[in-house]
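Below are some comments for a colleague at the bench, set out as numbered points to be read beside the sequence and the model.

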Amino acid sequence: GVIYFKKYNYNPKNKHVEDCVIRSICAVTGFKWTEVFDDLCNIGRKNFAMPNSKTTYEKYLKEHGFKWTPLKIVKGQKRMSVKQFASKNKKGKFILSVANHMVAVVDGKYIDTWDSGDSKLYGYWTKEN
């Protein structure tokens with residue numbers, strides 16, 4: 001079958017430290033891990049929130065021109081998975097929000113430190129042109 005998963009860790013020390021917010025932002029923006037971490041820390045400090053909390057990363061993403069698109073759930077239908085979303089979006093850069101995790105999709109591949117392809121989608125962020 002077609003491989004939609006690209007295993008990659010944007011953490012400079014290749015650590016697994018609950019930094020999926022930072023890693024997914026790095027994947028779609030090209031910013032360095034340390035830059036994104038510092039920016040999130042600054043926003044978090046001003047708002048008395050953790051750098052990877054929803055209020056912090058939402059503010060960061062909006063400031064960087066990203067738009068949130070919630071997924072409409074049709075009664076009786078299952079939520080789309082990360083893998084299904086990647087297969088349907090061969091072009092573009094997205095940050096997907098799934099249960100307790102965020103993952104980047106770039107040109108039809110989801111980029112993560114583990115295969116999160118079966119995770120169910122709540123919505124996604126895309127950069128406005």
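1. Asp118 and Lys83 form a salt bridge in which the closest N and O atoms are 3.8 Å apart, and this should be read with the reminder that the model is a predicted one. The two partners come from distant parts of the chain, 35 residues apart, with Lys83 in helix 4 (residues 82-88) and Asp118 in the loop between strand 5 and strand 6 (121-127). Asp118 is exposed, with a relative accessible area of 58%, whereas Lys83, with a relative accessible area of 33%, is partly exposed.

2. A further salt bridge joins the side chains of Arg23 and Asp112, at 2.9 Å from N to O. This pair, too, links distant parts of the chain, since Arg23 belongs to helix 1 (residues 20-29) and Asp112 to strand 5 (residues 109-112), with their positions 89 residues apart. Asp112 has a relative accessibility of 1% and therefore counts as buried, and Arg23, at 9% relative accessibility, counts as buried as well.

3. Arg23 has another partner in Asp19, and the side chains of these two residues meet in a salt bridge of 2.7 Å, N to O. Asp19 counts as buried because its relative accessibility is 4%, a value that falls under the 20% limit for that class. Through salt bridges that share partners, Asp19, Arg23 and Asp112 are joined into one network. The count of salt bridges comes to four, and those described in these points are among them.

4. Which residues line the largest pocket? The lining consists of Glu18, Cys20, Val21, Asn52, Lys54, Tyr57, Ser97, Val98, Asn100, His101 and Met102, and the volume of this pocket is about 160 Å³. Helix 1, helix 3 (54-63), strand 3 (93-98) and strand 4 (101-106) are the elements that give two or more residues to the lining. By residue class, the lining of the largest pocket divides into five nonpolar, four polar and two charged residues.

5. Turning to the aromatic side chains, a search of the whole structure finds seven aromatic pairs. One of them is formed by Phe85 and Phe94, whose rings are edge-to-face, with 5.0 Å from centre to centre and 85° between the planes. Phe85 and Phe94 are both buried, and ring pairs link these two residues with Tyr124 into a cluster.

6. A charged side chain is also placed against an aromatic ring, in that Lys6 lies over the face of Tyr8, at 5.7 Å from the ring centre.

7. Where does Glu35 lie, and how exposed is this residue? Glu35 is found in helix 2 (residues 33-47), and its relative accessibility of 39% is the reason that Glu35 counts as partly exposed. From Glu35 to Val106 the separation is 71 residues in sequence and 20 Å in space, taken from C-alpha to C-alpha.

Conventions
Residues are numbered from 1 along each chain as its sequence is written. This is a predicted model: local features need pLDDT of at least 70, side-chain atom pairs count only at pLDDT 80 or more; totals for chains, interfaces and linings use all residues. Side-chain values use heavy atoms; hydrogens and water are left out. Buried means under 20% relative accessible area, exposed over 50%, partly exposed in between (1.4 Å probe, protein chains only). Helices (H or I, at least four residues) and strands (E, at least two) are DSSP runs, numbered from the N terminus. On a 1 Å grid over the protein atoms alone, a cavity is a set of points where a 1.4 Å probe fits but cannot get out, and a pocket is an open set with protein on both sides within 12 Å along at least five of seven lines; lining residues have an atom within 4 Å of a point. Grid points are joined across faces, edges and corners, and a volume is the space filled by probe spheres set on the points. Ala, Val, Leu, Ile, Met, Phe, Trp, Tyr, Cys and Pro count as nonpolar, Asp, Glu, Lys and Arg as charged, and the others, Gly among them, as polar. Rings of Phe, Tyr and Trp (its six-membered ring) pair if their centres lie within 6.5 Å; planes under 30 degrees apart count as stacked, over 60 as edge-to-face and the rest as tilted. A charge sits over a ring if NZ of Lys or CZ of Arg is within 6 Å of the ring centre and within 35 degrees of the ring normal.
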